[in-house]
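Me: Could you take a close look at one single part of this structure with me? I would like one connected explanation that a first-year student can follow.

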Amino acid sequence: MQIRPTEWQGVYSDGSWLLTRNLNPGVSVYGESLHLEGGVEYRRWDVNRSKLAAYLKCGGRVWPYDDATSVLYLGGGNGTTVSHLSDICRQGTITAIEISPRAFRDLLKVSEARPNVLPILGDAAKPEMYGNRTSPASVLYQDIAQRDQAAIFRRNLGWLRPGGTGFLMIKARSEDVAANPVEVYEAAKRELMAAGVRILDRRVLAPYQTDHAVLVVKKP
Ligand SMILES: C[S@@+](CC[C@H](N)C(=O)[O-])C[C@H]1O[C@@H](n2cnc3c(N)ncnc32)[C@H](O)[C@@H]1O
């Protein structure tokens, strides 16, 4: 089937799969397949490996990403989702904070051929440590799978521009293995509302990501 643009800027589909236009042609980041059509190379975006792709597949519609978007990304991991955002925000910047030196090595490799990716080895719980290397972004994205996810997101809201959008990917089991995931999501929602942001969307990411949900917020 033919690859066509979707309603989400920078995201394409061949009918069942999502794809992004490869900023680094010929190179696959995490084993995803590459597809050439009309002289343009696309990378398949795996919904089981990326919560942002799962968000779209689960009916998410808030899409603040375009060619020039600046993203502060907390928990860059090995660069899977970061690389797709780099395909989408081609003229923008993805500043990716990662605490694990091992994952950071992969992230660094991804950034070598992608000038819009700025990786920083650091702790998202201590935004004052990397604040001097970033400026307020138009999107704050967090996927750190550790305790106190909402509190850490809240601490980073100072690095989101007024009017900007935040995506908090919540892993329920990282907060409390015994808790009901829905209660974990609701507690995070209350905490963000208390921080003064407006909730735009709350979406469970099943069946692609078990016990995960996303909260999408707007900073006034
Ligand atoms: C679920 S993985 C990230 C996957 C990645 N977001 C993706 O979609 O490609 C979570 C990552 O967060 C990192 N992490 C956990 N706590 C962190 C913290 N306090 N600051 C920065 N990174 C953290 C972990 O080392 C891990 O690489």
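Reply: Leu74 in strand β6 stands opposite Gln142 in strand β9. These two strands run parallel and are joined by four bridges; two strands count as paired if DSSP finds at least two bridges between them. Strands (E, at least two residues) and helices (H or I, at least four) are DSSP runs, numbered from the N terminus. This is a predicted model, in which local features need pLDDT of at least 70 and side-chain atom pairs count only at pLDDT 80 or more, while totals for chains, interfaces and linings use all residues. Residues are numbered from 1 along each chain as its sequence is written, and side-chain values use heavy atoms, with hydrogens and water left out.

Strand β6 also pairs with β7 (residues 93-98): five bridges join them, and they run parallel. Here Val71 stands opposite Ile94. Between these two strands the chain passes through helix α2 (residues 80-88), making a right-handed β-α-β crossover. Right-handed means that, with the strands pointing away from the viewer, the path from the first strand over the helix to the second runs clockwise.

Now look at the side chains. In a regular strand they alternate between the two faces of the sheet. In β6, Ser70, Leu72 and Leu74 point one way, and Val71 and Tyr73 the other. Five of the five residues of β6 (residues 70-74) are buried, so the strand is largely enclosed by the rest of the structure. Buried means under 20% relative accessible area (1.4 Å probe, protein chains only).

Finally, Thr81 sits in helix α2 and counts as buried at 5% relative accessibility. Leaving aside neighbours within four places in sequence, Thr81 has contacts that include Tyr73 and Tyr141, where contact means heavy atoms within 4.5 Å.

Terms used:
Buried means under 20% relative accessible area, exposed over 50%, partly exposed in between (1.4 Å probe, protein chains only).
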